[in-house]
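Student: I should like to understand how descriptive terms are justified for a structure that I have not seen before. May we go through them in turn?

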Amino acid sequence: FDPNEYTNAVLAGEPYPPPPKSKSRGTIPSAAIPSEAAKEDISVALGKLTLGIDDVSQQLRSLVTQHHEALLSEVASVHQLEGSLRSVRHGLSELSASLEKLRLKIRVPYQNLSAHVIRIQRLQLAADVLRRTSRFVLVARRLDFQMNELAKSTSTQSNGNPGSAKIPSKASAALEESIIEGERERTVAKAALSIAELKPVKPSSAEPLGPVAPIPLRSINAVTQHIPGIDAARVKITEEMETMLRDGLENLNRSLLASALQTAHNLRVLPQLVQDVVEEIAETVEARIKYAFDLASIAKEATKDAPTTAASLMYRSRVRTEPTNVTAPQWTNALWTRLEGLIEDLASNCVKIYTLEKVLKLKRDSSSKIPFLEEALKVLDSKPSSTFWMTAARCLETNAKESAKGSPFVQQTLSNGYPRLLRLFHDFFSKIGVHTDTVYSQSYQSPETVLTLRAINNFESLYLSRSSNRLTETVGSAMSGGVRAPPGMAEGVNIARTVVNELDSARFDPLLVRAAAKNAATALDLFCGRIDTLIVRDRAATSLVGPTATPQQALNASLVSALYHCWLRLSKLGTEYHESVAAVIRSAAQTLKSEYEKVTEPLLLAIRRDLASIAARLHRADFGKTFDPTAGPGATSAYMKDMVDKLTFVRNEILARFNVGDLMKTWLVSIVKRDIRTFVLHASLAKPLSESGKLQLTSDMTEFEFAINAFMTDPSGGSKNRNAMKEAIADDYNALRALRRLLFFDNQSLVLEEQTSGLPPLIVLHHILVRSPLPLPHALHGWKVDEYVRWVDEHTEAEAYTLIEGCLSRWEATVDDHERQSGEEYVGLARSVLVRVTNV
């Protein structure tokens with residue numbers, strides 16, 4: 001807003017602010033045309049302006065008059081303010097003067113102090129450079145001395161010790177040489193420590209001290225002249241360190257290896273050195289494994305020694321990857337030679353790795369006491385031994401699978417000869433076992449050995465597959481005849497022999513023999529399963545009607561013979577193998593035994609029951625008839641004829657078909673013992689018994705004894721030692737013969753122990769009751785004789801004695817005095833026997 005322009009616009013009658021000028025030149029805006037009314041009334045406007053000005057002047061005058069006193073007071077205060085301003089201005093002037101004085105007091109000393117600080121920093125830098133230079137020169141001279149000592153020891157070893165002529169013995173010369181070597185190794189380690197101390201003199205290691213730039217030691221002439229010698233010493237010490245490391249690993253010299261690692265630790269390159277050594281050994285192992293399975297080089301090596309033929313000359317230009325019938329032996333020899341060399345190299349490198357790891361564990365830092373191994377693990381992913389096993393197993397597995405997949409020759413050779421390949425690894429484990437903590441035995445296998453053997457697991461699978469096929473084929477051949485030609489002793493022995501052969505082939509390796517045992521158990525389960533389908537379990541299998549054995553019994557006898565002879569050979573293997581393998585074999589053998597016992601137990605039970613039922617027919621005979629002195633000796637009773645015929649039938653028709661060796665002796669003993677015991681019990685219960693009946697019973701027992709003697713001859717011809725079987729049945733056989741004498745004793749002799757020796761007291765008690773008017777226990781309780789005999793078999797002797805005592809007491813309580821007098825003697829005899837047996 002411009003008041004002059006506004007006034008001119010009002011006086012001229014123009015609008016304010018003026019409108020913008022139009023861009024068009026030919027037209028004149030309507031606003032530019034002055035208003036005619038405004039031009040005419042200029043005088044009127046001037047008059048109004050004058051009146052306005054006068055009015056404003058009057059208002060100003062009235063305001064001044066009205067506020068006169070206030071204006072005067074403001075003017076007075078303005079004068080006072082000028083005084084205050086003068087005092088403030090004076091104070092500011094004094095402040096400026098004081099500030100200038102203070103600036104002079106602080107700035108000048110500060111500038112002087114800054115100059116002194118810079119001088120001190122330069123002095124400190126000079127002192128530090130001097131100290132470092134002095135230390136550098138001192139260490140450099142010590143390094144020169146150490147390198148001279150090293151050179152002297154080198155010349156002494158290369159040229160010979162002049163004073164060695166004074167030492168006549170070889171042992172003294174070797175001792176001096178070892179002392180020289182020890183001093184040399186210590187000198188190398190000390191020189192390495194000196195070189196490591198000289199390493200921080202590089203220009204990059206100097207730190208700036210304030211604004212003063214650092215001075216590099218290389219710019220100092222006293223330092224520069226030693227640098228070439230230090231570099232040469234570093235190269236020399238590094239070469240010596242590598243030589244000691246290489247010689248220590250080759251000769252397994254732990255002291256030399258420890259010196260090399262100490263030198264590397266002093267040079268501050270220990271982790272990198274260990275990593276390089278481990279990687280180098282791993283690369284060597286990989287290259288050696290690849291070379292062992294390289295079919296192209298095997299072909300060249302095999303064809304070099306192969307005989308020259310027309311066909312070979314014709315196809316000499318073509319590279320063969322598979323052998324021919326002519327070159328197969330050369331290829332096989334070349335492959336096994338390479339594998340043997342591979343095992344040697346693996347053992348050598350494994351021992352090197354473990355020796356290196358042991359030295360790393362033993363060596364420690366002198367100040368922090370941290371083992372070198374922990375320092376090396378900062379760079380390595382795992383321990384050197386773990387790296388070796390993982391590398392060897394991975395590379396071996398990869399090359400073995402690729403070679404077997406691409407070459408049927410390698411697959412067939414290594415799978416058929418897997419035991420030989422496994423023996424190579426056994427040699428490998430035995431060689432490294434002296435230097436490592438690796439164990440591979442029947443009782444324990446280290447994880448490293450298991451990992452290595454898993455690398456050749458494909459060959460083991462093929463070998464076990466062929467082994468399983470051989471076992472299956474043997475079982476199939478044995479069962480090929482079916483029901484018409486069932487397997488017998490020869491087939492059972494053949495199957496057991498095949499199993500034993502497979503186990504013997506694998507017994508040298510704990511893992512392989514365990515797998516072979518599992519395959520054998522599977523084949524034996526198959527054998528049991530197929531035999532189980534042929535076994536007959538109906539009534540015809542246990543029928544003893546005669547006169548000949550049934551076809552079902554003949555079939556079962558043949559199957560039992562096969563199972564028994566297979567079990568017999570396998571049952572003896574438990575002590576020949578480790579418990580883990582023996583447990584598998586025992587389980588399979590127990591399955592065979594359980595299978596044939598399912599057939600024999602029902603048959604033997606039927607034989608015992610049939611013989612017991614014949615013995616129970618003894619009570620049908622009349623043993624109470626009066627004695628006829630004119631009659632001749634009595635004939636054998638009908639039941640005894642049946643007993644003899646049954647024993648003969650069982651021996652000649654039933655048991656003779658079983659070819660079970662010594663098991664037949666066990667069966668015969670069990671049958672005879674049970675038959676004698678049952679017959680003696682029935683004979684002791686025969687009542688009434690007259691003198692004629694005693695003679696008849698004696699004749700029957702004699703015939704029974706002859707039948708037993710004939711029965712104990714093994715019908716299969718396996719065992720002729722009847723005396724051994726008689727010893728097994730001695731107690732029951734003696735009881736049979738003692739019962740024959742007991743029949744003719746008087747009453748008083750029945751309680752004499754020396755007269756009744758060999759007889760069970762229960763039999764004596766039965767005979768006393770037979771002679772007496774007292775009822776027998778089964779009659780008193782209303783039982784049948786066979787029921788009472790069964791009860792005696794199922795209960796103990798003490799319970800039988802209690803039963804007899806109860807019968808005596810019950811009889812005494814139920815009869816009158818006259819009857820009691822007739823039986824009182826026998827009751828006393830019975831109680832005497834009971835007292836004797838209960839006091840024993």
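Tutor: Accessible areas come from the Shrake-Rupley method with a 1.4 Å probe, and for residues only the protein chains shown count as cover. By this method the protein exposes about 46,500 Å², of which carbon and sulfur atoms supply 55%. This is a predicted model, in which local features need pLDDT of at least 70 and side-chain atom pairs count only at pLDDT 80 or more, while totals for chains, interfaces and linings use all residues. Residues are numbered from 1 along each chain as its sequence is written, and side-chain values use heavy atoms, with hydrogens and water left out.

Student: What makes up the secondary structure of the protein?

Tutor: Helices (DSSP runs of H or I, at least four residues) and strands (runs of E, at least two) are numbered from the N terminus. The protein comes to 32 helices and 0 strands.

Student: Why is His778 called buried rather than exposed?

Tutor: Buried means under 20% relative accessible area, exposed over 50%, and partly exposed in between, with a 1.4 Å probe and protein chains only. His778 has a relative accessible area of 10%, so this residue is buried. His778 lies in helix α29, residues 777–781. Leaving aside residues up to four places away in sequence, His778 touches Trp783, Lys784, Val785 and Tyr788, where contact means heavy atoms within 4.5 Å. Across the protein, buried residues make up 40% of the 840 residues.

Student: Among contacts between residues at least 6 apart in sequence, what percentage join residues at least 24 apart?

Tutor: Of those contacts, 79% join residues at least 24 apart.

Student: What makes the phi values of Leu252 and Lys369 worth pointing out?

Tutor: Phi of Leu252 is near 55°, a positive value in a residue other than glycine. Leu252 is found in the loop between α7 (227–251) and α8 (254–266), and its relative accessibility is 32%, so Leu252 counts as partly exposed. Phi of Lys369 is near 60°, again positive in a residue other than glycine. Lys369 lies in the loop between α12 and α13 (372–376); with 53% relative accessibility, Lys369 counts as exposed.

Student: How do you know that the peptide bond from Lys687 to Pro688 is cis?

Tutor: Its omega is near 0°. Pro688 is found in the loop between α24 (662–684) and α25 (691–711).

Student: Why do Cys528 and Cys566 not form a bond?

Tutor: A disulfide is a covalent bond between the sulfur atoms of two cysteines. Here the term is applied to a pair of cysteine sulfur atoms within 2.5 Å. The sulfur of Cys528 is 7.6 Å from the closest cysteine sulfur, in Cys566, and is therefore too far for a bond. Cys566 is in no disulfide, and the structure holds 0 disulfides. Cys528 counts as buried at 4% relative accessibility, as does Cys566 at 0%.

Student: What makes a space a cavity, and how many are there of 30 Å³ or more?

Tutor: On a 1 Å grid over the protein atoms alone, a cavity is a set of points where a 1.4 Å probe fits but cannot get out, and lining residues have an atom within 4 Å of a point. Grid points are joined across faces, edges and corners, and a volume is the space filled by probe spheres set on the points. The count comes to 4 cavities of 30 Å³ or more. The second largest cavity has a volume of about 60 Å³, and its lining includes Phe293, Leu339 and Ile456.

Conventions: 1 Å grid on protein atoms, 1.4 Å probe; cavity = no way out; pocket = protein on both sides within 12 Å on 5 of 7 lines; lining within 4 Å.
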